[in-house]
Amino acid sequence: MAKYQLNINGQRKEVSVDPSTPLLWVLREDLKMTGTKYGCGVSACGACTVHVAGVATRSCMLPISLLGDRPVVTIEAMKDDPVGRVVQDAWVEQDVVQCGYCQSGQIMTAVALLKHTPRPTDTNIDESMGGNICRCATYVRIREAIKVASQKLK
Amino acid sequence: MSAATKKTDDQQLNRRSFLRVSATAAGGLLLALTLDLPATAQEGGPPNPQQKNYPPDAFVHVRPDGRVIIQVNRLEFGQGVQTALPMILADELDADWSQVVAELAPAADIYKDPVFGIQMVGGSGSIAHSFQQYRELGAKTRAMLVATAAKRWNVAPDQCRTEQSVVHGPNGQSFKYSELAIDASRQPVPATVRLKNPSEFRLVGKKVRRLDSRPKCDGSLKFGLDLDLPGMKVAVVAHPPVFGAKVRSFDDHQARATEGVRDVFEIPVTRGGTGVAIVADKFWTAKRARDLLKIEWDFNGVERADSSELRERYKQLARTAGLKSVARGDAKAIEGIAASNLIVAEYEFQYLPHAPMEPLNTTVRVDGDRAEAWAGSQFQTFDQMAIAEVLGLKPEQVTFHTEMAGGGFGRRAVTDSHVQREAAQIARRLRGTPVKLIWTREDDIRGGYYRPMHVHRVEVGIGADGMPSAWRHVIVGQSLLAGTPFAMMMKDGVDNSSVEGVSDTHYNIPNFNVSVHHPAVNVPVLWWRSVGHTHSAYVMETLIDELAARAKTDPIAYRRKLLKPEAKKLLAALDLLEAKSAAWRRKLPKGHAAGISCHESFGTGVACAVDVSIENKRPKIHRVTVAVDCGIAVNPLTVESQFQAGVGFGLSQLMAKGAITLHDGLVEQRNFDGYVPPYMPDAPVAVDVHIVPSAEAPSGCGEPPVPVISPAVVNALARLTGKRYRSLPLVTVQAD
């Protein structure tokens, strides 16, 4: 076990965990922030996506010992994020979710896309969102919601 | 599970239902419907749990604070029933929709499916089976509120009207439901009640957004895997690499030395096998410790299934007649057809995993002669019974909470409840401590319970008019029902879930012969969203398309001509498809082709047109138009969503790595790197969904989107490449 000082959603947190523990499980079990989801554990589905120093990152394969002092932002902070809130509202307006389990990761990926590329093309959307699995396959509505959010962010 | 529907339709007529009413501790009107079910035990099925004593045994609770709490007798796992069933009830109740709160009901007799007789989600039956039930519940509750108001005003109830949770009297008086709720709970429940005419619906038939969107978008919704209880431990299990293998010996020295590991022990797992459970404070600890276990497995007497061996065996079997499913007309007619008028087609389908996004999990706590369980379950009745059996308790001693589930597609409807049994075995050892069993994604992908592998061999004789004159069809695949409590539904050894979609085809084929072989294979199999239709629709719709092409007839016109007139839903869907897709199908860019399919399943008729090109040796799906006849569309927004996304799910079996294969008993895929479901670039860019207007009773929409998409896509590919695609998955696609 080792102690780590973390910056999660702008708050300082201290955890004592095995250094190999992925950020995902520190969030879910030590910090009780379960909005970030476990889907595969091998960076293949994107359900665990968070922002690490502003970059959409798979938290399931990032050992806590390699996080360093980089700030982490999770789905729980999106309602207070100017882009995050617009994206969440677009998701609700477009009735995107079905089972909803992957949507934290979809939204975190979409927010990162829109912060970087406010007016994404279909190709931009495919490239950015193309690593996130939605097993319900709500992809058509995810795409529409990203376009709606993009319009509102103008 | 469509077969189950047929079996129990008759029983439903004999069933009496009655309502009970009670005042609650919280105050207000609480209405519970109790079904008087025949004991399924007498039919050779699983015994019913004893009469319930689980709170809360209610469907609707009109609270003095104005909120209307509606219990949903189903699992919500994406299909939208947690919104649609409350819509049905709230509509008849004339409740203020903004005040409606939906809750998932725990396991209890009163929440059993009125047709299937167990508490479950499957067979696309949630709306189809509970439409009438939820309407009556809403209407009866409304009648009691109206009677209460009428009594206070000394007027006749039929002088009152209701709207937005308010009763209005004849002289401008009004009471909010919240002001009537406590008195209304003392009213007798009316035996009969008038239901609305469809023209009076205020919610049903309107596009209503889901109730669970916001919490699913802000991370606050708790799925089963997110459960956190005081003192809870987490368990993982090292499963045998071959189904049914046993632990010969294991060295847990290093595993136990891992800080945070609480216990390591052997437990029984599915198919008579055993595994090693690790209990730890946290998941990562348990998972790391599992990696450190050294296990010697005993494979004695365990069949090692092998996909290539099965493929050869199935293909041989398909050349022989199987158990009779349908024998219509002249069985020998096919033999008199000249080779030039004969199509002989062999199809291969692989095992498919469901791989729901939320990995399988169950939490159990055992406290003396009581236990509590939490799981996203499609089969609450079976899962509760299984936990009770493992613990030596009666089902009613196990409180079973239905947790919101991250997908399922059939994977949470398991008759042997193997995940719940594992969880109960582990929790039994840790009495008083809640334990959450987590199946990792690797456990899931390698854990069996797949859509069975199938081979179809079809001989089609073509008549002078270009229509099929004789059809001989042999299907080979493991039975889903054999050895389960549903085995009683098999008739003369035939499992309808293997032949559905072929045996009950609406195409008018005079000499029609269908038979099936059900080999026993050491791979657990399970219904996968749309069950037999996953492969049967593919075979039928690609062959019909080939026939249409040979006859040089438009694929929609050919289907219309071949369908029986009584196939009203399919014909209506095809007409609507023609109207909505003709314009874009006539103006396709170079390198694109249109593909057509139609299929009826679970009582819903679907027709589909796709616009496909080839990019990087893969089909690129630019557009899908779907026409649906599902009777009354309770929530057209949900129907649209189910079809838009359901066709994406249906593409799973076309993916280049969209299969599970076994070699020497071992599953060759481990995670989403080996089994690759559709990602956004694989899915259609746009899907437009059109619903046939209807006043008929609603039919299912969860499964019917799945069967149509794969045949439509390969029918388009056939136009681009000249090839017919009979073996899935679709590895590469290119023109010669």
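I started with the weak spot: residues 1-26 of chain B keep a pLDDT under 50, and for them the model has 52 contacts beyond four places in sequence. I then found a second such stretch, residues 32-57 of chain B, where the pLDDT is below 50 and the model has 64 contacts beyond near neighbours in sequence. This is a predicted model, and where pLDDT is low, the predicted coordinates should not be read in detail. I left both stretches at that.

Next I looked up the overall scores. Chain B has a mean pLDDT of 92, with 92% of its residues at 70 or more. For the model I noted ipTM 0.98 and pTM 0.93.

**Chain A against chain B**

I went to the interface. There, 47 residues of chain A are in contact with 52 residues of chain B. On the chain A side, I listed the elements that give two or more residues: helix 1 (23-30), helix 2 (82-93), helix 3 (103-116), helix 4 (122-129) and helix 5 (139-152). Sorting that side of chain A by class gave me 24 nonpolar, 13 polar and ten charged residues.

**Domains of chain A**

I have chain A as domain 1 (2-74) and domain 2 (77-152). Their C-alpha centres lie 21 Å apart. The contact takes 15 residues from domain 1 of chain A and eleven residues from domain 2 of chain A. Which element gives the most to the domain 1 side? I got strand 3 (residues 49-52) of chain A, with three residues. By class, I put that side of domain 1 down as six nonpolar, eight polar and one charged.

**The hairpin of chain A**

I checked strand 1 (residues 2-8) and strand 2 (residues 11-17) of chain A, which pair in the antiparallel sense over seven bridges. For A:Leu6 I looked up the bridge partner in strand 2 and found A:Lys13. The hairpin has two residues between the strands, and A:Asn9 takes a positive phi near 50° there.

**Odd backbone angles**

Most residues other than glycine have a negative phi, and most peptide bonds are trans. I therefore kept a list of what departs from that general pattern.

- A:Lys32 is not a glycine, yet I read a positive phi of about 55°. I placed A:Lys32 in the loop between helix 1 and strand 3 of chain A.
- A:Asp95 also goes on the list, with a positive phi of about 55° and no glycine to excuse it. I placed A:Asp95 in the loop between helix 2 and helix 3 of chain A.
- The peptide bond from B:Leu728 to B:Pro729 is cis, and I noted omega near 5°. I find B:Pro729 in the segment after helix 17 (705-721) of chain B.

Is A:Lys32 buried or exposed? I count 9 other C-beta atoms within 10 Å, so A:Lys32 is exposed, given a cut-off of 12 or fewer. A:Asp95 has 23 within 10 Å, so I mark A:Asp95 as buried, the cut-off there being 20 or more.

**Chain B, inside**

I looked at helix 4 (residues 177-184) of chain B and found B:Tyr177, B:Ser178, B:Leu180, B:Ala181 and B:Ala184 buried. They cover an arc of only 155° around the axis, so I put them on the same side of helix 4 of chain B.

Last, I took the domains of chain B: domain 1 (2-217), domain 2 (228-301 + 360-438) and domain 3 (318-351 + 450-721). The C-alpha centres of domain 2 and domain 3 of chain B lie 37 Å apart. Their contact takes twelve residues from domain 2 of chain B and twelve residues from domain 3 of chain B. On the domain 2 side I noted six nonpolar, four polar and two charged residues.

How values were computed:
Residues numbered from 1 in each chain as written. Chains lettered and ligands numbered in written order. Predicted model: local features only at pLDDT ≥ 70, side-chain atom pairs only at ≥ 80, totals over all residues. Pairing = 2+ DSSP bridges. Helix = DSSP H or I, 4+ residues; strand = E, 2+ residues; numbered from the N terminus. pLDDT = per-residue confidence, 0-100. Contact = placed C-beta atoms within 7 Å. Nonpolar A, V, L, I, M, F, W, Y, C, P; charged D, E, K, R; others polar. Arc of directions from axis to C-beta. Domains from an automatic or database assignment.
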